[in-house]
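Let's take a walk through this model together, one stop after another. Keep the viewer open and pick out the residues as they come up.

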Amino acid sequence: MRKELAALAILAILFTGSVINIRYMDELSESLITEVECARSLAGTGDYDRSEAIIKDAINCWNSHDGYTHIFIRHPEIDSATDAFYELYDSVSEHDDSRAQGAFEKVEAHLSSIASMEHITVGSIL
């Protein structure tokens, strides 16, 4: 009976950790997407300097979570999102509207994908 209780306790801890991780990644992704959307609207009005500053802040925020993300997210997803952020920064700093629009979408897609990958599904349990 003791082994079963220990197993139940471990499962409860793992489940709780998963829920905390999901909430954390959702909040991180949502805050970064909000910043990227704000930068997108500023770039759309021609305010590239403020847009560039917001993107730089988003990159710094993303990089500051590196220790956490490298534990809980697969490295190719982290690298792709990081590359997308820097591509976005380059296109906005060069005032390249056509490239920037695609780069904005790319960053948002990567962040949304990372958040959705963390969610528990029946397939991820089985």
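Start with D47: its relative accessible area is 23%, which leaves it partly exposed. That value is over the 20% below which a residue would count as buried. Keep in mind throughout that this is a predicted model. The side chain of D47 meets that of R50 in a salt bridge, with 3.5 Å from N to O. Elsewhere, shared partners tie R40, E105 and E108 into one salt-bridge network.

How many salt bridges are there by the distance rule? The count comes to seven. The general idea is simple: side chains of opposite charge can pair when their charged atoms come close. One of the seven pairs you can look up is E77 with R74, where the closest N and O atoms are 3.4 Å apart. R74 has a relative accessible area of 52%, so it counts as exposed.

Another pair sits within helix α1, which covers residues 2-44. Here E27 and R23 form a salt bridge at 3.8 Å, N to O. They are four residues apart in α1, about one turn of the helix. Is each partner buried or exposed? E27 is partly exposed at 48%, while R23 counts as exposed because its relative accessibility is 53%, and the cut-off for that label is over 50%.

Stay on α1 and move to S29, which is found in this helix too. With 4% relative accessibility, S29 counts as buried. What does S29 touch, once residues up to four places away in sequence are set aside? The answer is L111 and A115. There is also a polar detail to zoom in on: a polar atom of the S29 side chain lies 3.4 Å from the backbone oxygen of L111.

Still on α1, look at L5, whose place is in this helix. L5 belongs to a nonpolar patch on the surface, together with M1, L8, I10, L11 and L14. Taken together, these residues have about 690 Å² of accessible area.

Now over to helix α4, residues 75-93. This helix has 19 residues and reaches 27 Å from its first C-alpha to its last, close to the 27 Å expected at 1.5 Å a residue. Which residues of α4 are buried? They are I78, A81, T82, A84, F85, L88, S91 and V92. As for what they pack against, the buried residues of α4 meet α1, α2 (48-64), α3 (66-72) and α5 (97-117).

For a closer look at α3, select T69, which has its place in that helix. T69 is buried, since its relative accessibility is 1%. Leaving aside neighbours within four places in sequence, T69 is in contact with L28, W62 and I78. You have already met I78 among the buried residues of α4.

The last stop is H95, just after α4. H95 is found in the loop between α4 and α5. What stands out in its backbone is phi, which is near 60°, a positive value in a residue other than glycine. With 41% relative accessibility, H95 counts as partly exposed, because that label covers the range between the buried and exposed cut-offs.

Note on methods: Residues numbered from 1 in each chain as written. Predicted model: local features only at pLDDT ≥ 70, side-chain atom pairs only at ≥ 80, totals over all residues. Heavy atoms only, no water. Patch = residues over 30% accessible without salt bridge, like charges linked within 9 Å, V, L, I, M, F, W, Y side chains within 5 Å. Areas by Shrake-Rupley, 256 points an atom, 1.4 Å probe, with all protein chains shown as cover. Salt bridge = Lys/Arg side-chain N within 4 Å of Asp/Glu carboxyl O. Helix = DSSP H or I, 4+ residues; strand = E, 2+ residues; numbered from the N terminus. Expected span 1.5 Å × (residues − 1). Buried < 20%, exposed > 50% of the residue type's maximum accessible area, 1.4 Å probe, protein only. Contact = heavy atoms within 4.5 Å. Polar contact = N/O pair within 3.5 Å; in protein donor to acceptor, adjacent residues only side chain to side chain.
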